[in-house]
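Please open the model in your viewer, with residue selection and a distance tool ready. The tour below moves from one selection to the next and says what is found at each stop.

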Amino acid sequence: MTRILVVAESALRELLRRRTVLIILLLFPLAFYLSRRGDHLGQSIRFVCLGLGWALSTAALFAGSAARGMEPRLRLSGYRSMHLVLGRLLALWAVGALLCAPYFVLILVDQHDVRYGAIALIMVLTVAVAVPFGLLLSAVLPRELEGTLVLLTVVGLQMVMDPASTATRALPFWFSREIGTYAVDHTDSGYLTRGLTQGLVFAVALTLLVVAAAAVRLRQRRHLRIA
Amino acid sequence: MKDNAWLAALTGELRRHGVGPDLTGHVVAEAATHLAESGESPLRVFGPPEVYARAVADSLGGPDVRPPRRHPGPVRLAARGITKRYRGQTVLDRIDLTVRAGQIAAVVGANGAGKSTFLRICAGLLSPDAGTVQVHGALGYCPQDGGTAEFLDPDEHFVLIGAGRGLGRATARRAGRAGAAALDWTPPRTQARHLSGGTRQKLNLVLARLGEPDVLLLDEPYQGFDRGTYLDFWHEVWRWRDAGKAIVVVTHLLNQLDRVDIVLDLTASQERTA
């Protein structure tokens, strides 16, 4: 546990010291929110949640890429790949929670007649999904530019595709639109259930994939025997 | 310059000039006694520490190059038949290396001879096409570059690596700072990205040593070191050897090879396969 916490603390320090990145991270979802604030209040909620997911995934992608140089050394120093992944996940989840908090307050103040609990749930799921999604991209695509382009494609598709079509359920942030509809348009709880199920499945699956990818990449090679 | 600072500088300079630890202790103790009794400034009495140390070393007839008496211990690292190919070209061909506790092995060879590749295979960071590596004890690895976190300062690096080795925060910081002092370096509270190349390599080296691993794999760790630090580095390596560590150093500087126990020349391996 100590090792996980030390990795989380170090990852958090590294993130918090990138001040420009932090400012952009904080303002990025605001641009999404304001873009639809004038014409459709409900839509601005859906957009800000997507913006949060995009911002967090990008932060996780870059944090994962930056850690690649250090991780083999940490592995040799006695860490298991699980310590490294869980530590980094913890740090990024904490950043995600900090990032979402002001936007939740903004919605509380600015929006009325919406289901605030459901909006909080979207934000929790967004943090839970976006972080492993970004880390997984950094594990699979070692070059940051490639990962960024994939992220752009996924979030772009998420925004333009019809949420009612079956194909969109394969996108990681589909739950955001579904629960958003429940929260804003006061639809039946079917939207909530479908969104929650999809979000949970993606959060668990992506986290497991990140753990598995790190275990493969940082495995002890077969030719080496340490007695 | 105050007495203690001058005496500390003299100790380092004597070591750099190859004066053995016993004689260094004796010279420094004599100088300290003289300064205490006379109450004079060391710069006035002896001059700058580097000049006085050179005079002492010259009076002894040059650096002490006698190898200390050593009895190599059990095998710590055994690499057998290591073969590695890149794009159809054989870089390493059935390389063997055995290093015992209390031995230094230098891996030498021309650029592209596969020195770093061999070390990465020994560290388990890269898989060979054939061959095995057996390590008895904990491994410490100092890469040629990278290996540090840009936004963490040296103390935070010590805590991070130390936790992996099972050290508490205070112990890790103390051990890191002691390792840094041996390289004549006081770690600043500056993030690694602001350190110079040579200073970052000092940090890299100290991190490799944290937790006293039994086997040290050092990949040209002295890049960017000034002459004094380079000499300090070799003195540290010899000290680690005397403490029973098994050390593998990748190097292309051949002037220290008379002070190592094993030389593995990978150029010869490439010529054999050409």
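Begin by selecting helix 2 of chain A in this predicted model, and colour its buried residues, which are A:L25, A:P29, A:F32 and A:Y33; buried here means under 20% relative accessible area, exposed means over 50%, and partly exposed lies in between, with a 1.4 Å probe and protein chains only. An α-helix has 3.6 residues a turn, so residues three or four places apart point the same way. Helix 2 spans residues 19-35, and its 17 residues reach 25 Å from the first C-alpha to the last, close to the 24 Å expected at 1.5 Å a residue, where the expected span is 1.5 Å times one less than the number of residues. Helices (H or I, at least four residues) and strands (E, at least two) are DSSP runs numbered from the N terminus. Now add helix 3 (41-67), helix 5 (81-110) and helix 7 (144-160) of chain A to the selection, since the buried residues of helix 2 of chain A pack against them; contact means heavy atoms within 4.5 Å.

Before going further, note the conventions: residues are numbered from 1 along each chain as its sequence is written, and chains are lettered from A and ligands numbered from 1 in the order in which they are written. Local features need pLDDT of at least 70, side-chain atom pairs count only at pLDDT 80 or more, and totals for chains, interfaces and linings use all residues, while side-chain values use heavy atoms, with hydrogens and water left out.

Step back next to helix 1 of chain A (residues 2-16), whose 15 residues reach 21 Å from first C-alpha to last, close to the 21 Å expected. Its buried residues are A:I4, A:V6, A:V7, A:A8, A:S10, A:A11, A:E14 and A:L15. Which elements cover them? Show both chains to see the answer, for the cover includes helix 2 and helix 5 of chain A together with helix 6 and helix 7 of chain B.

With chain A alone on display, follow the elements from the N terminus, which run α-α-α-α-α-α-α-α-α-β, that is, 9 helices and 1 strand. The C-alpha atoms of chain A fill a box of roughly 65 × 35 × 30 Å along the principal axes. Its radius of gyration is 18 Å, which agrees with the value near 17 Å for a compact globule of 227 residues; the radius is taken over C-alpha atoms, and the globule rule is 2.2 Å times the number of residues to the power 0.38. Of those 227 residues, 49% count as buried.

Two loops of chain A deserve a stop. A:D113, in the loop between helix 5 and helix 6 (116-140) of chain A, has a phi near 55°, a positive value in a residue other than glycine, and it counts as exposed because its relative accessibility is 64%. Most residues other than glycine have a negative phi, and most peptide bonds are trans. Then select A:R219, in the loop between helix 9 (189-217) and strand 1 (224-226) of chain A, which is partly exposed at 40% relative accessibility. Leaving aside neighbours within four places in sequence, A:R219 is in contact with A:R75 and A:A214. A distance drawn between the C-alpha atoms of A:R219 and A:S81, 138 residues apart along the chain, should read 7.7 Å.

Turn now to chain B, with its 10 helices and 8 strands, and colour it by domain: the assignment, automatic or from a database, gives domain 1 (3-59) and domain 2 (75-273), whose C-alpha centres lie 32 Å apart. Recolour by pLDDT, the predictor's confidence in each residue from 0 to 100; chain B averages 83, and 89% of the residues score at least 70. Among the elements of chain B, helix 10 (residues 266-273) has the lowest mean pLDDT, 60, and helix 6 (residues 154-164) the highest, 94.

For the last selections, take B:A29 in helix 2 (residues 21-38) of chain B, which is partly exposed at 39% relative accessibility; its C-alpha atom is separated by 20 Å from that of B:A182, 153 residues apart along the chain. Finish at B:D184, in the loop between helix 7 (169-182) and helix 8 (197-209) of chain B, where phi is positive, about 60°, although B:D184 is not a glycine. Is B:D184 buried or exposed? At 54% relative accessibility, B:D184 counts as exposed.
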